[in-house]
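Please look through the sequence and the structure shown here before reading on. The paragraphs below move from the whole chain to its helices, and from there to single side chains.

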Amino acid sequence: MIKQPRFNPAPGWPTPPQGWEPPAGWTPDPSWPEPPDGWQLWISDGDAPVDDPPAESTDDPPATVPDPVDLNGNPDAIVDSGTVDGSASDVATSDELSTVALQAQVRMLEAELTALRTSTSDTGEDINEYVILDDDRVLQSVGIYRYHHPLEAAAAFKARLDELNTAIVGTVKSGQAIEASNLFTFDNSLAKGRKMTADLSKLMLRAYNAEADNSVRALRVGNVTTARKRMESSRIAIAKLGAMMEMRISDRFHALRLAEIELTADWLMKKQEEKEAAREERARLREERRVQQELSAERERLDKERSHLSNALDALQTSGGSDPDLEARLAQIDAAIEQNDYRAANIRAGYVYVISNRGAFGSGVVKIGLTRRLEPLERVTELGGASVPFRFDVHALFFSEDAVTLENELHHHFAERALNLANPRKEFFFATPAEVRDVLEAKMGNLLEFTEHAEAAEYLQSLAAWPADALSPGPR
């Protein structure tokens, strides 16, 4: 029987597993020692290496070469033995081989972290299916943000993060962040093996912490899922590359770094919510000040008009005359003053409006809001400013003594049909004006005025001039 030739690694090269053959295009790692002159990389089983250079005299003990991965970079083909016998003909000293091995491990770790995002895992699942770096896809897949550690305010999250960072630093200093075997030998020395394990543990931990720090720095509101999966992939890669030394990131340290990512995401979301709430509060206060100014100006105008009418009636009465029209006008002024005072005293009174913008949002979207202004159409005109391409059409302006409650009830009724489910302060809903009218009639009785169909004059006038590819296939 003809024996098949086997691969014969040069001195100082890692020993391949049984039956290993270099793949097409394979070249030795540049960090490995150069083969001696005349060295044959393929020999028959049982044959001695051809042209093996004569042994040189040396006082050094036989060298031991760590073999954490096979020559093809496959971390699953790890040699079981912790040591490899060398010979006096090795061209590298044990210290040089230690440096080479550590450098090779670092390169392999970096390559593995990159490859994990484009290759398949041990279970055959596509890693790309889980580590998605496109924020648009991530945000769509996770849906509405849910807090991992609900707290009252952003300051509470910041305090919790400070405590967590202290625990992370303490775990690293105490040596509990990464676990590894203390029985690995190098160069037939347990002490050297432990030093090599300690050095490689530091490199592995630095790689893991770098991934964690990058994940925290790149964190955006809602993409915490991506950061968590990147950390899981990094931990798996380190466990594979450190399998020979039983090296892995500890459960406690991994849990701390995942909690850091979750708390950071919660903190970013809470800050965003607080900023939005503060913006809404400022807008509400501006609106209230404007309403108070309007009511004060209106009261001043009514007082002046009443004073003139009262003086005129007093003069007529002094001369023995009368004017029913002036008396009726004075009664109207008194009623207006009473209504104005009521509006100023009752902050909950106002107008609930139902408006739509067919050109901007389509025919199936309405905005339900509240204004306390004396002229509610001014508020509608403001909403149709430069932020939208067309003016809003008004379907209803309904005055209520408790407009705040009425608005909240309408929002609650259509809550599940809100356009922006992530921010409940927005007031746009997937509903037709007729649907809102039916709800209003059920709550308030017959409505004196309600326009079901939007005029949408600006939109319809512009539509004919739009380019053909700009027309949306959806309903308008």
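Of the contacts in the protein between residues at least 6 apart in sequence, 72% join residues at least 24 apart. The model behind this value is a predicted one, and it shows a protein with twelve helices and eight strands. Of its 476 residues, 38% are buried.

A good place to begin is the run of helices α4, α5 and α6. Helix α4 covers residues 190-217, and it packs with α5 at an angle of about 170°, the two axes being 10 Å apart. Since angles over 145 degrees count as roughly antiparallel, α4 and α5 are therefore roughly antiparallel to each other. On the α4 side the contact is made by M204, Y208, E211, A212 and S215, which meet A227, R230, M231, S234, R235, I238 and L241 in α5. Sorted by class, the residues of this contact of α4 with α5 comprise seven nonpolar, two polar and three charged.

Helix α5 (residues 224-241) also packs with helix α6 (residues 251-318), their axes coming within 10 Å and crossing at roughly 165°. By the same reasoning from the angle, α5 and α6 are therefore roughly antiparallel to each other, and the crossing in which α5 passes α6 is right-handed. Here V224, A227, R228, M231, E232 and R235 in α5 meet D251, H254, L258, I261, E262 and A265 in α6. The contact of α5 with α6 has six nonpolar residues, one polar residue and five charged residues. A227, M231 and R235 are among the α5 residues that meet α6, and A227, M231 and R235 are also among those that meet α4.

Two loop residues next to these helices deserve a look at their backbone. Most residues other than glycine have a negative phi. N188, however, has a phi near 60°, a positive value in a residue other than glycine. N188 is placed in the loop between β3 (178-179) and α4, and with a relative accessible area of 55% it is exposed. E246 likewise has a positive phi, of about 55°, although it is not a glycine. The place of E246 is in the loop between α5 and β4 (248-249), where E246 is exposed, with a relative accessible area of 57%.

The charged side chains offer another way through the model, with a count of 32 salt bridges. What does one of these look like within a single helix? K158 forms a salt bridge with D162, and the closest N and O atoms are 3.4 Å apart. Both K158 and D162 lie in helix α3 (residues 154-173), where they are four residues apart, about one turn of the helix. K158 counts as partly exposed at 36% relative accessibility, and D162 counts as partly exposed at 40%.

Other pairs reach between elements. In one of them, the side chains of K426 and E276 meet in a salt bridge at 3.8 Å, N to O. This pair links distant parts of the chain, 150 residues apart, with K426 in the loop between α10 (403-413) and β8 (428-430) and E276 in helix α6. The surroundings of the two partners can be set side by side: K426 is partly exposed, with a relative accessible area of 33%, whereas E276 is buried, with a relative accessible area of 16%.

A further salt bridge joins the side chains of E409 and K443, at 3.7 Å from N to O. E409 lies in helix α10 and K443 in helix α11 (residues 433-444), so the pair ties together parts that are 34 residues apart in sequence. E409 counts as partly exposed at 34% relative accessibility, and K443 is partly exposed as well, with a relative accessible area of 39%.

Which residues, finally, are linked in a network of salt bridges? The network is made of R290, E294, R373, E378, R379 and E382.

Notes
Residues numbered from 1 in each chain as written. Predicted model: local features only at pLDDT ≥ 70, side-chain atom pairs only at ≥ 80, totals over all residues. Heavy atoms only, no water. Axes fitted to C-alpha atoms, helices over the stretch in contact; angles between N-to-C directions. Parallel < 35°, antiparallel > 145°, perpendicular 65-115°, else oblique. Left-handed = near helix turned anticlockwise from the far one by under 90°. Contact = heavy atoms within 4.5 Å. Nonpolar A, V, L, I, M, F, W, Y, C, P; charged D, E, K, R; others polar. Salt bridge = Lys/Arg side-chain N within 4 Å of Asp/Glu carboxyl O. Buried < 20%, exposed > 50% of the residue type's maximum accessible area, 1.4 Å probe, protein only.
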